[in-house]
Amino acid sequence: MHDGFGRTIDYLRLSITDRCSLRCTYCMPEDGVQWLPHGEILRYEEILRLVRVFAAIGVKKIKITGGEPLVRKGVSGLISEIKAIDGIEQVTLTTNGVALKEQLPDLLSAGIDGINLSLDTLDRARFAEITRRDALPRVLEGLETAWNVPGLNLKLNCVAQAGRASDWAALAGLAKEHNIAVRFIEPMPIGLGGDMETCTETDIRAVLETAYGTLEPFDAVLGNGPSKYFTLPDFQGKIGFISAVSHQFCDQCNRVRLTATGYLKTCLQYDVGADLRPLLAGSDEELQAAIKAAIQNKPKAHRFSEKTVENREAHIMSQIGG
Ligand code: SAM
Ligand code: SF4
């Protein structure tokens, strides 16, 4: 369907839990997080019903997210059921990779169409500093298992930390030997991300070009989102940038988000949308009407650069799904 600004909305980011095995500094506090009571988290059958309603109004692509989606039991079963829904063309997953090695066979059997692995550094001490867990070896096992699967659409997402040129260069280097996309995400001022020192695509490009040569634009579409891709000399894979801050791309936005409690969020920055959970007691028609009304009112654009914004999102990123 189209929103009030004529944008086609066909992509849903579906958060299935607020729990996580890591504590990335820009996403979650070290402790003191108020976990959602289990009774408030949508059951799989409720999620499936909602996805059917979203599919009926034109959502074709689903990204499973969290918290960390692989900490919730039965995620592969959920994926195979979502894949069977009429109208759903693609189901992908974003993960921190900690449990990827063990769960990859089940995810592949479920028919997963792509995996995004979030990884900000290849340095073990630095990883522990960013995520507050010494889990890099497990993540790398997951990554190596995944890139050995022929044809798996694998992307690596790095939230770029200011001044970490060596991390950026090392991560980009993975795309030299492997046919994967390594993407750099500008830190967004959502939740704890507001405390991060900013850095931009321009900073990262300068570092990568010094290390590897000129980045040449790569025009083919590789994903569902706003990432721009580039090639580098002798690289098998691609380099991508998701530059929501320095290069706003809201005019092309195709997505909405559903939180683990069933709140339909229509823009990352604002606390606006519709609480679908109470409507689960009613009919599919009522759900559909509420979803359509919320999408119709989807905000035009984020205002990350402004200090005071009405209805600013107060949740942390792990409660939203990224
Ligand atoms: N745990 C999974 C993961 O890390 O991929 C899924 C949830 S996580 C919230 C989804 C994505 O949001 C990750 O790629 C993460 O790096 C990104 N993210 C979290 N906080 C962010 C921020 N402040 N700015 C930009 N990206 C952020
Ligand atoms: Fe967990 Fe992902 Fe947030 Fe890191 S970014 S704390 S892995 S939900």
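**Close-up views of a predicted model**

**View 1. The shell around ligand 2.** The residues that surround ligand 2 divide into 4 nonpolar, 2 polar and no charged. To find them in the structure, look for Cys20, Leu22, Cys24, Cys27, Gly67 and Asn96, which together surround the ligand. Please keep in mind, here and in each view below, that this is a predicted model.

**View 2. The surroundings of ligand 1.** Ligand 1 has 18 residues around it. Gly67, Thr94, Ser118, Val159 and Met188 are the closest of these. Which atoms of Thr94 and ligand 1 lie 2.7 Å apart? On the protein side it is a polar side-chain atom of Thr94, and on the ligand side an oxygen atom. Ser118 also places a polar side-chain atom by an oxygen atom of ligand 1, here at 2.6 Å. Gly67 takes part through its backbone: an N or O atom there lies 3.0 Å from a nitrogen atom of the ligand.

**View 3. Gly67 and its peptide bond.** This glycine deserves a view of its own, since Gly67 is listed in the shell of ligand 2 and among the closest residues to ligand 1. Follow the chain from strand E2 (61–65) towards H2, and you will meet Gly67 in the loop between them. The peptide bond that joins Gly66 and Gly67 is cis, with omega of about 25°.

**View 4. Helices H2 and H3 side by side.** Helix H2 covers residues 75–83 and helix H3 residues 100–110; their axes are 8 Å apart and make an angle of about 15°. Are the two helices parallel or antiparallel? With angles under 35 degrees counted as roughly parallel, H2 and H3 are therefore roughly parallel to each other. The crossing of H2 past H3 is right-handed. From H2, the contact draws on Val75, Ser76, Ile79, Ser80 and Lys83, while H3 contributes Gln103, Asp106, Leu107 and Ala110. Sorted by class, this contact has 4 nonpolar, 3 polar and 2 charged residues.

**View 5. Helices H1 and H8 crossing.** Here helix H1 (residues 44–56) meets helix H8 (residues 284–296), with axes that come within 10 Å and cross at roughly 60°. That angle makes H1 oblique to H8. The handedness of the H1 and H8 crossing is right-handed. On the H1 side you can pick out Arg49, Leu50, Val53, Phe54 and Ala56, and on the H8 side Asp284, Leu287, Gln288 and Ile291. By class, H1 and H8 bring 6 nonpolar, 1 polar and 2 charged residues to their contact.

**View 6. Arg132 in its loop.** Where does Arg132 lie? Look between helix H4 (124–131) and helix H5 (136–147), where Arg132 belongs to the connecting loop. Its backbone is worth a look: Arg132 is not a glycine, although its phi is positive, at about 60°.

**View 7. Tyr263 and its contacts.** Tyr263 belongs to strand E11 (residues 263–265). Leaving aside residues up to four places away in sequence, Tyr263 touches Arg257, Leu258, Asp271, Val272, Gly273, Ala274 and Asp275. One of these, Gly273, has its backbone nitrogen 3.0 Å from the side chain of Tyr263. As a link back to the view of H2, which includes Ser76 in its contact with H3, the C-alpha atoms of Tyr263 and Ser76 are separated by 23 Å, and the two residues are 187 residues apart along the chain.

Terms used:
Residues are numbered from 1 along each chain as its sequence is written. Chains are lettered from A and ligands numbered from 1 in the order in which they are written. This is a predicted model: local features need pLDDT of at least 70, side-chain atom pairs count only at pLDDT 80 or more; totals for chains, interfaces and linings use all residues. Side-chain values use heavy atoms; hydrogens and water are left out. Axes are lines fitted to C-alpha atoms, for helices over the stretch in contact, and angles run from 0 to 180 degrees between N-to-C directions. Helices (H or I, at least four residues) and strands (E, at least two) are DSSP runs, numbered from the N terminus. Angles under 35 degrees count as roughly parallel, over 145 as roughly antiparallel, 65 to 115 as roughly perpendicular and the rest as oblique. A crossing is left-handed if the near helix is turned anticlockwise from the far one by less than a right angle, and right-handed if clockwise. Contact means heavy atoms within 4.5 Å. Ala, Val, Leu, Ile, Met, Phe, Trp, Tyr, Cys and Pro count as nonpolar, Asp, Glu, Lys and Arg as charged, and the others, Gly among them, as polar. A residue is near a molecule or strand if one of its heavy atoms lies within 4 Å of it. A polar contact is a pair of N or O atoms within 3.5 Å; within protein, one must be able to donate a hydrogen and the other to accept it, and residues adjacent in sequence count only if both atoms are side-chain atoms.
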